[in-house]
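Me: I'm new to this one, can you walk me through it?
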Number of protein chains: 2
Amino acid sequence: MTKPKIRIKDIAEMAGVSKGTVDRVLHNRGEVSEESLRKVKKVLREMNYEPNVYASALASKRTYRFLCLLPQHAESDYWAQVEAGVVKQAAELRDLGVSLERIYFDQYDMYACQSLFESVAIRECDGVVLAPLFKEPSLMLARTLMARTIPVVFVDSHVADARILAYYGMDSACSGKLAATLLLAEHPDIKDVVMFHLARRGESEANQTRLRREGFMEYVREQRPRLTVHSLALSWNDREGNTLLLDRFFAEHPEVKAGLTFNSRAYMIAEYLNLRSKSDFRLLGYDLLEGNVGALKAGHVSYLIAQRPEQQGYHGLRALAQSLIFHQKPAELNLMPMDILTKENIDFYLNFPSI
Amino acid sequence: MTKPKIRIKDIAEMAGVSKGTVDRVLHNRGEVSEESLRKVKKVLREMNYEPNVYASALASKRTYRFLCLLPQHAESDYWAQVEAGVVKQAAELRDLGVSLERIYFDQYDMYACQSLFESVAIRECDGVVLAPLFKEPSLMLARTLMARTIPVVFVDSHVADARILAYYGMDSACSGKLAATLLLAEHPDIKDVVMFHLARRGESEANQTRLRREGFMEYVREQRPRLTVHSLALSWNDREGNTLLLDRFFAEHPEVKAGLTFNSRAYMIAEYLNLRSKSDFRLLGYDLLEGNVGALKAGHVSYLIAQRPEQQGYHGLRALAQSLIFHQKPAELNLMPMDILTKENIDFYLNFPSI
DNA sequence: CTGTTAGCGCTTTCAT
DNA sequence: ATGAAAGCGCTAACAG
């Protein structure tokens with residue numbers, strides 16, 4: 001029934017060599033004669049040998065130092081969910097010799113991010129999980145690291161053509177299309193829509209939100225070419241200023257009855273709608289933040305699109321281990337489903353063990 | 001930065017005893033003096049010792065034999081997805097000494113299932129993953145096994161008050177409510193709805209579908225007390241017979257414009273709707289079977305509710321390992337999110353790495 | 001180039 | 001009741 005596992009010792013005996021030689025072949029570190037090499041490889045193939053990675057980890061005492069690069073964030077933030085997934089996976093890999101260092105960058109300042117990434121590019125480490133909010137600096141860092149044969153995994157948003165080990169996250173453009181469908185498809189009478197975004201220093205827009213916006217605009221172009229799309233930049237930390245900006249916007253454009261954020265801060269708009277008791281506005285946002293969930297339940301947000309952030313982090317780090325420790329190649333493109341959340345089903349998404 | 005891990009050897013030295021004694025304490029297998037016990041426990045606590053489970057597995061050569069009880073099924077079936085998750089997890093645990101045996105029961109014959117379960121109840125094994133389609137036989141089996149200190153995990157549907165290690169699956173009743181919401185909430189004019197189900201031998205209804213139906217009916221009672229709820233039993237394998245039954249039903253009840261299945265066979269109804277070119281009927285179903293997905297895309301099914309079957313299987317088996325190998329207690333109730341699938345978002349759920 | 005050997009952290013046997 | 005020692009499958013250092 002259960003076939004006994006083939007061990008290095010078995011291979012050695014069958015090939016008529018010693019364990020040491022088999023080990024040298026397995027890790028192709030030379031010092032083996034043509035003859036032995038051939039014999040050992042043959043037996044290895046025929047027996048379909050699979051190493052016991054746990055015994056290997058135990059004996060080699062090799063350690064893996066992984067880095068995780070995420071934006072600085074509050075505890076309740078979207079990024080905390082990604083980080084929780086990474087940390088959970090790191091804990092599971094600890095006895096395999098894995099350690100994790102978390103590094104945070106400023107998501108509102110590309111220049112600061114860039115110089116941080118430059119210092120990371122020359123660091124000693126075995127793998128990096130990275131949220132490429134800033135496209136160029138991220139691409140550059142990934143290129144440098146991969147050239148040093150240090151595998152890089154992207155989470156959250158993708159960068160086309162990046163040569164990396166794997167990506168875990170949404171198909172961002174598709175999610176923008178989905179947002180458009182949810183907001184517009186059943187409301188052919190809508191003539192105006194507004195996109196809210198956050199101002200930042202350097203690169204004008206985060207990679208993620210740019211891709212979502214492009215997907216959204218593609219739908220608009222194809223399905224609703226006559227739609228007027230407004231855009232309003234807000235500050236990520238000046239609440240009073242935002243209220244003024246929103247007041248002015250809606251005074252100038254009273255006809256706008258629908259809008260969305262491509263970032264996770266829909267609750268900021270929802271707070272404003274609540275403040276002004278504005279109930280004739282349909283708002284769509286992203287991610288299961290506490291504030292967003294509250295706004296969804298209260299009716300200020302109509303839809304949230306979620307993307308399983310813990311899974312992204314968890315699998316992102318796991319991909320590094322798969323490649324380096326388990327010698328398995330993870331799939332390169334791992335697109336998370338886009339969960340559509342409404343008042344009706346939101347409760348079933350909260351507090352479930354997402355990993 | 002990285003603190004070196006505490007080993008048994010360290011504990012032994014600090015407590016002034018030998019490794020052997022520490023091991024005896026750790027596995028409380030006696031033969032230790034009060035004195036040593038106290039000292040060792042103290043150090044263990046203070047040092048927050050955590051064993052290296054991989055070294056432990058390697059040395060002990062202990063093996064774990066897990067059983068997985070699922071209905072016989074076709075490759076394209078819902079159950080194949082659950083099984084794939086279990087198998088995947090089993091592969092990951094192999095070098096930890098885990099082996100998996102799959103056993104299949106007849107989901108259309110409770111008596112056959114019952115006698116199979118009775119033979120399983122007396123088998124030697126270390127843990128069981130079980131889909132409790134038949135409530136009573138499953139309860140009985142779980143009770144017997146747990147009494148033998150063999151942990152049992154339920155997947156797919158839950159049985160209230162079952163004393164088991166863990167459950168992974170939907171909140172079935174909630175999903176019935178969700179089905180009602182999707183089908184009825186925005187259609188206050190609907191006066192009739194029909195529930196399709198499959199006839200089976202023995203217990204009149206599968207546990208899962210019964211719970212879903214109860215949730216559905218609860219919504220109806222509370223929100224739509226005047227709704228007429230029809231019920232139609234079909235055969236799981238007699239397609240022509242079903243066509244006749246459906247023809248007769250719709251001839252007698254032309255006013256019924258909405259219906260649902262609580263099992264995963266919505267595509268059977270969809271096929272009929274297609275056959276009769278019946279387009280004025282709103283149909284809801286469960287699970288991402290190929291047939292269901294096709295029907296959703298073709299417009300014969302309006303909604304599908306999905307429940308992440310691979311994750312259920314994967315985590316179900318994992319829970320056994322967590323408990324037995326990693327000495328962690330998994331959460332008892334693990335409710336999967338209910339994914340709402342429509343023509344709009346279905347594509348984003350297909351072919352993604354769900355585990 | 002090759003085989004032998006020690007040892008990773010832990011379990012288990014076996015004297016004492 | 002306790003410690004010493006062997007060994008799990010594998011790696012790595014070291015003689016030869």
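Reply: Here is a short walk through the DNA surfaces and one pair of helices. This is a predicted model, in which local features need pLDDT of at least 70, side-chain atom pairs count only at pLDDT 80 or more, and totals for chains, interfaces and linings use all residues. Residues are numbered from 1 along each chain as its sequence is written, while chains are lettered from A and ligands numbered from 1 in the order in which they are written.

Me: OK, how many residues surround DNA strand C?
Reply: There are 27, and the closest are A:Gly20, A:Ala59, B:Ile8, B:Ser56 and B:Ala59; a residue is near a strand if its C-beta atom, placed from the backbone, lies within 6 Å of it.

Me: Which helix gives the largest share there?
Reply: Helix 4 of chain B does, with five residues, where helices are DSSP runs of H or I with at least four residues, numbered from the N terminus.

Me: And what gives the most to the surface near DNA strand D?
Reply: That is helix 4 of chain A, with five residues, and the closest residues to DNA strand D are A:Ser56, A:Ala59, B:Ser18, B:Gly20 and B:Ala59.

Me: Switching topic, how do helix 8 and helix 9 of chain A cross?
Reply: Their axes (lines fitted to C-alpha atoms over the stretch in contact, with angles from 0 to 180 degrees between N-to-C directions) come within 6 Å and cross at roughly 50°. That makes helix 8 of chain A oblique to helix 9 of chain A, since angles under 35 degrees count as roughly parallel, over 145 as roughly antiparallel, 65 to 115 as roughly perpendicular and the rest as oblique.

How values were computed:
Helices (H or I, at least four residues) and strands (E, at least two) are DSSP runs, numbered from the N terminus.
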